[in-house]
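Visitor: I am new to this structure. Please show me how to read its features.

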Amino acid sequence: MAREVSESCMDSLLTEIVSSYCNVLYVSKPELAARRIEAIGYQVGHQLSERYTMERPRFSDHLEAIKFICKDFWSELFKKQIDNLKTNHRGTFVLQDDKFAWVSRMSSTENSGSTQEPGIGNKAAEASSMHLYFPCGIIRGALSNLGISCAVSADISNLPSCSFVIRIKV
Amino acid sequence: MAPAVPRSGDAIFANVERVNAELFTLTYGAIVRQLLTDLEEVEEVNKQLDQMGYNIGIRLIDEFLAKSNVTRCVDFRETAEVIAKVGFKMFLGVTASVTNWDNEGTCCSLILEDNPLVDFVELPDNCQGLYYCNILSGVVRGALEMVSMKTEITWIRDMLRGDDAFELQVKLLKQVPEEYPYKDDE
């Protein structure tokens, strides 16, 4: 059986990546912190997709590669598949995970009451968006290893669901 | 009768949510790589890894106490055994052994022969001063500090530097008496 560690180990690392880069190393430069966090994810995605495609034939087109991310790749990482895949057939793909593990314990900022001071919600939103650069980097790294260069962004306006938008560069 | 201190973390590990260790290992590797690029000095990377570990340790101790059902350890010897057999197992899925006790029973070594952090890892020549697993020592230090034990932790052996095991020396500096932030009669 493949080796496993407790989920808390992975969650702790993620928390520390974000807090180290945002609160210690690049305190007043969130865009630099974001880029570093994304780069860490990219590295991980790149290596993992290399491992998980070792015994596969080449993917015939973009859709095949994206399907691999949605099914096999996602299952290895999260023990579930992407729940919904949409595409405009012009290089944009939306991958929706209805219960994305890494945001499942985040509180939603929108329905947290209206009496809040302005700014608190924004800060929370900024903090949660920082946690998305890592998985976005993983997807971009995985696809890049399959020869597809793309940009990946994420949307968590509907927690605990998370949508990743992949725009393939042509 | 008080419940016996669990002698192994097997049952707890079997029951916690687990994730693919490759993801964990490669993520840790990518963090170390990125820190080496950003901080440049190996010594700074060691410090940052230790700090990250400390931050994790002070939180993980809560989960450890909640899930392990351990009762108060009678002495530091028991503490070390519990970390090695229960703590390491329930989080990393591996068990450490405890040896090299000093006469006072305040300093010992945790030996780790199997360490998921270093699967796939090889250190390049320019990283010789790096304590790759420094996050682990930080975790142990942070966790013990939350249960009133100040410790100093030093790497004695490191498989990435050619040794036959990982050896983490844990030295108890002082036991901080528990202090309550207020007096009952005030």
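Visitor: In what order do the four strands of the open sheet in chain A come?

Guide: First, a caution: this is a predicted model. Now the general idea. Strands of a sheet pair through backbone hydrogen bonds, either parallel or antiparallel. Here the order is 2-3-5-4 in chain A, and the pairing is antiparallel.

Visitor: Which strands are the edge strands?

Guide: Look for strands that pair on one side only. In this sheet they are strand 2 (84-87) and strand 4 (150-155) of chain A. Between neighbouring strands the turn averages 15 degrees, direction ignored.

Visitor: How many bridges pair strand 4 with strand 5 of chain A?

Guide: Six, in the antiparallel sense; strand 5 of chain A covers residues 162-168. Take Ala154(A) as a case: its bridge partner in strand 5 is Phe164(A).

Visitor: Which helix lies across strand 4 and strand 5 of chain A?

Guide: Helix 5 of chain A, residues 133-145. Its direction makes about 155 degrees with strand 4 of chain A.

Visitor: Now the two chains. How many residues does the contact take from each?

Guide: Chain A gives 25 residues and chain B gives 30. On the chain A side, helix 1 gives the most, with 10 residues. That side divides into 12 nonpolar, six polar and seven charged residues.

Visitor: Which strands are joined by bridges between chain A and chain B?

Guide: Strand 1 of chain A and strand 1 (residues 18-20) of chain B. Three bridges join them, and they run antiparallel. One pair to find is Ser6(A) with its bridge partner Arg18(B).

Terms used
Residues numbered from 1 in each chain as written. Chains lettered and ligands numbered in written order. Predicted model: local features only at pLDDT ≥ 70, side-chain atom pairs only at ≥ 80, totals over all residues. Contact = placed C-beta atoms within 7 Å. Helix = DSSP H or I, 4+ residues; strand = E, 2+ residues; numbered from the N terminus. Nonpolar A, V, L, I, M, F, W, Y, C, P; charged D, E, K, R; others polar. Pairing = 2+ DSSP bridges. Axes fitted to C-alpha atoms, helices over the stretch in contact; angles between N-to-C directions.
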